[in-house]
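The following note collects numbered points on the structure shown below. Please read each point alongside the coordinates.

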Amino acid sequence: MTRAIPMRYDEVMAVIRSTLAGVAALFLTACGGGENAENVPGDAAETAAYAGVAEDEVLRFGGNEPFWGGQVVGSELTYTTPENIDGTTIIVTRFAGRGGLGFNGTLEGRSFDLAITPGECSDTMSDRTYPFVATLQLGNEQRNGCAWREGDDLGEP
C-alpha cells in the first residue's frame with residue numbers, strides 16, 4: 001500500500017502558482033502561433049496581444065451561485081460578495097494573450113486568477129447580454145460569470 005506524504009501549504013501553493021505560470025506563458029506565447037495554435041482561444045492568424053480593454057478602463061465582472069463580482073482598473077482589483085459589499089482590494093498582475101486578458105493576485109491567502117475572454121455572456125438572472133465571459137479560479141474553486149467595460153450599453157433587463 002502506497003501512502004501519500006502530505007504537502008505543506010506553501011509547497012501546494014508553489015505547485016499551483018507554477019502551473020498557472022505555465023498556463024499564462026502558453027497563453028502569452030500563443031500570440032506567435034505554433035503547433036498548438038488551434039488549442040488557444042482567439043484567431044490563429046492574430047499575432048498581437050488582446051487589446052479590447054485598455055489598462056485605464058474600468059472592467060466590471062460578476063457571477064451568481066454563489067454571488068460574486070467586482071471591478072479592475074490598472075493593477076487594482078476589488079472583489080465583492082454579498083457578505084462583503086464594500087469589497088476587498090488586491091493588487092493584480094495583468095497579462096494579455098491572443099484570446100483575452102488575465103488578472104492574477106492573492107486574496108486572503110488564496111490564489112486569485114481571473115480570465116476575461118470576449119464572447120456573448122448571460123448571467124441567467126438579469127436577461128442582459130454581456131460582451132465578455134469571466135472565469136475566476138479562487139483557490140481551488142472555479143466561478144463563472146460575465147464581464148463588461150464601464151459604460152458598455154447592456155440594454156435594459
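1. Strand S6 (100–107) is mostly covered in this predicted model, with six of its eight residues buried. The cut-off behind this count is a relative accessible area under 20%.

2. On one side of the pairing scheme, S6 is joined to strand S5 (residues 93–97) by five bridges, and the two strands run antiparallel. Thr93 has Asn104 in S6 as its bridge partner. The connection from S5 to S6 is a hairpin through two residues.

3. S6 also pairs with S7, again in the antiparallel sense, over seven bridges. Here Asn104 recurs, with Asp113 in S7 as its bridge partner. Asn104 can therefore be followed in both pairings, to Thr93 and to Asp113, under the rule that two strands pair if DSSP finds at least two bridges between them.

4. The hairpin of S6 and S7 has two residues between the strands, and Glu108 takes a positive phi near 50° there. Glu108 is a residue other than glycine, and its relative accessibility of 65% places it among exposed residues. For context, most residues other than glycine have a negative phi, and most peptide bonds are trans.

5. The loop between strand S1 (59–63) and strand S2 (68–73) contains Pro66, and Glu65 lies in that loop as well. The peptide bond from Glu65 to Pro66 is cis, with omega near 0°. Glu65 also has a positive phi of about 60°, although it is not a glycine. Its relative accessible area is 68%, so Glu65 is exposed. The backbone at Glu65 deserves a direct look, given both the positive phi and the cis bond to Pro66.

6. Where does the pairing continue beyond S7? S7 and strand S8 (residues 129–138) are antiparallel partners over nine bridges, and Ile116 stands opposite Ala134 in S8. Six residues lie between the strands in the hairpin of S7 and S8, where Thr124 takes a positive phi near 70°.

7. S8 is in turn joined to S9 by seven bridges, the two strands running antiparallel. Ala134 appears here too, with Gly145 in S9 as its bridge partner. The hairpin of S8 and S9 has two residues between the strands, and Gly139 takes a positive phi near 65° in that hairpin.

8. How many disulfides does a search of the whole structure find? The search returns one, formed by Cys121 and Cys146, with their sulfur atoms 2.0 Å apart. The angle about the S-S bond is -75°, and the link is left-handed. Cys121 belongs to strand S7 (residues 110–122) and Cys146 to strand S9 (residues 141–149), so the disulfide ties together parts that are 25 residues apart in sequence. In general terms, a disulfide is a covalent bond between the sulfur atoms of two cysteines.

9. Are the two cysteines of this link buried or exposed? Cys121 has a relative accessible area of 9% and is therefore buried. Cys146, at 1% relative accessibility, is buried as well.

10. Four salt bridges are present in the structure. In one of them, Glu141 pairs with Arg110, and the closest N and O atoms are 3.3 Å apart. This contact links distant parts of the chain, with Glu141 in strand S9 and Arg110 in strand S7, 31 residues apart. Glu141 is partly exposed at 31% relative accessibility, and Arg110 is likewise partly exposed at 31%.

11. Glu141 has a further salt bridge, to the side chain of Arg143, at 2.8 Å from N to O. Arg143 has a relative accessibility of 12% and so counts as buried. Through shared partners, salt bridges join Arg110, Glu141 and Arg143 into one network.

12. Another salt bridge is formed by the side chains of Arg149 and Asp152, at 3.3 Å from N to O. Asp152 is partly exposed, at 22% relative accessibility.

13. Two kinds of contact, then, run between S7 and S9. One is the disulfide of Cys121 and Cys146, which ties S7 to S9. The other is the salt bridge between Glu141 in S9 and Arg110 in S7. In the pairing scheme, S8 has antiparallel bridges to S7 and to S9.

Terms used
Residues are numbered from 1 along each chain as its sequence is written. This is a predicted model: local features need pLDDT of at least 70, side-chain atom pairs count only at pLDDT 80 or more; totals for chains, interfaces and linings use all residues. Side-chain values use heavy atoms; hydrogens and water are left out. A disulfide is a pair of cysteine sulfur atoms within 2.5 Å. Helices (H or I, at least four residues) and strands (E, at least two) are DSSP runs, numbered from the N terminus. Buried means under 20% relative accessible area, exposed over 50%, partly exposed in between (1.4 Å probe, protein chains only).
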